[in-house]
Amino acid sequence: MEVMNKILSGSDATNRRLEFPSRSLWAFPMPDGRNSVEFVASDIHEQQWRLKVSVRNEGTYSKPWLKGEWGDYVHQKQLRKGDRVILTMNDEENGERIYRIRAERKHFGFWYSIDEQQ
């Protein structure tokens, strides 16, 4: 199930955090009293990325961010403004959630996997 499909802004690609869409927060239930949750997402090469979704505690808009090893992911995949990141989640029978992350780049009007080029 797709959790997030986002075209990266310049700050997403250069800062060590990604502005996370609020509509995707449903996939990350946060324990009471907490404003963040950590999870692991695997890429196509089965490399695991430790990521963290955080929301601010004040104001009416939660303004979520994806942090953790996001900056390392951007660096390794050589992501830039205009690239697309897709995060998916599957619920296993044992109740475990499995997250996958992939990056794509548009070339001549078509999206291509950056992971498969590496």
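**Figure 1. Phe20 and Phe28, two buried rings.** In this predicted model, Phe20 and Phe28 are both buried. The two rings meet edge-to-face as an aromatic pair, with 5.7 Å from centre to centre and 75° between the planes. Look for other ring pairs as you explore, since the structure holds six aromatic pairs.

**Figure 2. Phe28 and Tyr99, a stacked pair.** Phe28 takes part in another aromatic pair, with Tyr99, and this one is stacked: the centres are 5.1 Å apart and the planes differ by 10°. Where in the chain do Phe28 and Tyr99 come from? Phe28 sits in the loop between strand E2 (18-19) and strand E3 (36-42), while Tyr99 belongs to strand E7 (residues 97-107). The pair therefore links distant parts of the chain, 71 residues apart. Are these two residues buried or exposed? Phe28 and Tyr99 are both buried. Stepping back a little, you can follow ring pairs that link Phe20, Phe28, Phe39 and Tyr99 into a cluster.

**Figure 3. Met1 at the start of the chain.** Here we visit Met1, in the segment before strand E1 (2-7). Met1 counts as exposed because its relative accessibility is 57%, and the cut-off for that label is over 50%. Which residues does Met1 touch, leaving aside its neighbours within four places in sequence? The contacts are Trp26, Leu87, Thr88, Met89 and Asn90. For Asn90, the C-alpha atom is 6.1 Å from that of Met1, although 89 residues separate the two along the chain.

**Figure 4. Glu46 and Gln78, two loop residues with positive phi.** Glu46 is found in the loop between E3 and strand E4 (48-54). Its phi is near 70°, a positive value in a residue other than glycine. Gln78 also has a positive phi without being glycine, with a value near 55°. You will find Gln78 in the loop between helix H2 (70-77) and strand E6 (84-91). With a relative accessible area of 61%, Gln78 is exposed.

**Figure 5. Glu92 in the loop between E6 and E7.** This view shows Glu92, placed in the loop that joins E6 and E7. Glu92 has a relative accessible area of 39%, so the residue is partly exposed. How far is Glu92 from Glu19 in space? The distance is 28 Å from C-alpha to C-alpha, and in sequence the two are 73 residues apart.

**Figure 6. The chain around these close-ups.** To place the earlier views, it helps to know that the chain has two helices and eight strands. Along the sequence they follow the pattern β-α-β-β-β-β-α-β-β-β. The C-alpha trace spans about 45 × 35 × 25 Å along its principal axes. A compact globule of 118 residues would have a radius of gyration near 13 Å, and the chain's 14 Å agrees with this. Of those 118 residues, 40% are buried. Among contacts between residues at least 6 apart in sequence, 53% join residues at least 24 apart.

**Figure 7. Surface and charge of the chain.** The accessible surface comes to about 7,400 Å², and carbon and sulfur atoms account for 45% of it. How many charged side chains are there? The chain has 19 positive and 18 negative ones, and the centres of the two sets lie 8 Å apart.

Note on methods. Residues numbered from 1 in each chain as written. Predicted model: local features only at pLDDT ≥ 70, side-chain atom pairs only at ≥ 80, totals over all residues. Heavy atoms only, no water. Helix = DSSP H or I, 4+ residues; strand = E, 2+ residues; numbered from the N terminus. Rg over C-alpha atoms; globule rule 2.2 N^0.38 Å. Buried < 20%, exposed > 50% of the residue type's maximum accessible area, 1.4 Å probe, protein only. Contact = heavy atoms within 4.5 Å. Areas by Shrake-Rupley, 256 points an atom, 1.4 Å probe, with all protein chains shown as cover. Lys, Arg positive; Asp, Glu negative; His and termini not counted. Charge placed at Lys NZ, Arg CZ, Asp CG, Glu CD. Phe/Tyr/Trp six-rings, centres within 6.5 Å; stacked < 30°, edge-to-face > 60°.
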